[in-house]
Amino acid sequence: MTTSKDESQVIRWGVAGPGRAAARFAEGLRAVERAMLSAVWGRTRERAQAYALSFGVPQVFESMEHLAASDVDAIYVATHPDTHAEICIKALAAGKHVLCEKPAA
């Protein structure tokens with residue numbers, strides 16, 4: 001008997017920075033098996049909510065700390081490059097896997 005997709009095998013992604021790069025990431029992630037976009041954080045709540053609405057993201061966080069403390073497995077960092085080091089360090093310190101848009105940190 002074939003069982004449905006095991007939720008424990010799904011990689012839950014969070015996005016830091018709901019801009020153009022993050023939109024392309026969300027579009028591409030749709031084609032990845034066992035991956036789902038489950039959370040977003042942005043500097044402005046309005047942009048984060050608009051992103052969540054556009055891509056069906058169930059969780060919008062008020063701060064990067066809340067995103068890092070959430071149940072996501074990995075965080076895609078798509079903020080301005082001058083913020084990458086701080087955000088990546090917070091995510092890594094929280095035990096998250098990190099994919100950084102321009103990994104100069």
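**Entry 1: cysteines**

A disulfide is a pair of cysteine sulfur atoms within 2.5 Å. I began with this cut-off and applied it to the model, which is predicted. From the sulfur of Cys100, the closest cysteine sulfur is that of Cys88, at 3.7 Å, which is too far for a bond. I then looked from the other side: the sulfur of Cys88 has its closest cysteine sulfur in Cys100, again at 3.7 Å and too far for a bond. For the structure as a whole I recorded zero disulfides.

I also looked up how accessible these two residues are. Cys88 has a relative accessible area of 9% and is buried. Cys100 counts as buried at 13% relative accessibility.

**Entry 2: the chain as a whole**

I next listed the secondary structure and found four helices and five strands. Read from the N terminus, the elements follow the order β-α-β-α-β-α-β-α-β. The chain has 105 residues, and 43% of them are buried. The exposed area of the chain is about 6,400 Å², of which carbon and sulfur atoms supply 54%. For contacts with a separation of 6 or more, I noted that 52% join residues 24 or more positions apart.

**Entry 3: helix H1**

I asked which residues of helix H1 are buried. In this helix, residues 20-29, they are Ala21, Ala22, Ala23, Phe25, Ala26 and Leu29. I then looked for what covers them, and the cover includes strands E1 (11-16), E2 (35-41), E4 (74-77) and E5 (97-100), together with helix H2 (45-55).

**Entry 4: the nonpolar cores**

In soluble globular proteins, nonpolar side chains tend to be buried together. With this in mind I looked up the largest nonpolar core, which has 19 residues. Its members that touch the most other members are Trp13, Val15, Leu37, Tyr51 and Tyr76. At least two residues of this core come from each of E1, H1, E2, H2 and E4. The element that gives the most is H1, with six residues.

I followed Tyr76 further. Leaving aside residues up to four places away in sequence, Tyr76 touches Trp13, Gly14, Val15, Ala16, Ala21, Ala22, Phe25, Leu99 and Glu101. There is also a second, separate core of 14 residues; among its members are Met64, Ala68, Val72 and Cys100.

**Entry 5: aromatic pairs**

How many aromatic pairs does the structure hold? I counted three. One of them is Phe25 with Tyr76, a stacked pair with 4.1 Å centre to centre and 10 degrees between the planes. Phe25 belongs to helix H1 and Tyr76 to strand E4, so this pair ties together parts that are 51 residues apart in sequence. Both Phe25 and Tyr76 are buried.

Tyr51 and Phe55 form a tilted pair, at 4.9 Å centre to centre and 50 degrees between the planes. These two residues are four apart in helix H2, and therefore about one helical turn separates them. Tyr51 is buried, with a relative accessible area of 4%, and Phe55 counts as buried at 18% relative accessibility. Finally, I noted one aromatic cluster formed by Trp13, Phe25 and Tyr76.

**Entry 6: helix H4**

I returned to Cys88 by way of its helix. The buried residues of H4, which spans residues 84-93, are His84, Ile87, Cys88 and Ala91. They lie on the same side of H4, because they cover an arc of only 95 degrees around the axis. An α-helix has 3.6 residues a turn, so residues three or four places apart point the same way. The exposed residues Ile89 and Ala93 are on the face of H4 turned away from its buried side.

What do the buried residues of H4 pack against? I recorded E1, E2, helix H3 (64-69), E4 and E5 as their packing partners. After H4 comes Gly95, with a positive phi near 85 degrees.

**Entry 7: Asp73**

My last query concerned Asp73, in the loop between H3 and E4. Asp73 has a relative accessible area of 25% and is partly exposed. From C-alpha to C-alpha, Asp73 and Trp13 are 6.1 Å apart in space, though 60 residues apart in sequence. Not counting residues up to four places away in sequence, Asp73 touches Val10, Ile11, Arg12, Lys96 and His97.

Definitions and conventions:
Residues are numbered from 1 along each chain as its sequence is written. This is a predicted model: local features need pLDDT of at least 70, side-chain atom pairs count only at pLDDT 80 or more; totals for chains, interfaces and linings use all residues. Side-chain values use heavy atoms; hydrogens and water are left out. Buried means under 20% relative accessible area, exposed over 50%, partly exposed in between (1.4 Å probe, protein chains only). Contact means heavy atoms within 4.5 Å. The arc is that of the directions from the helix axis to the C-beta atoms. Rings of Phe, Tyr and Trp (its six-membered ring) pair if their centres lie within 6.5 Å; planes under 30 degrees apart count as stacked, over 60 as edge-to-face and the rest as tilted. Accessible areas come from the Shrake-Rupley method with a 1.4 Å probe; for residues, only the protein chains shown count as cover. A nonpolar core is a set of buried Ala, Val, Leu, Ile, Met, Phe, Trp, Tyr and Cys residues joined through side-chain atoms within 4.5 Å.
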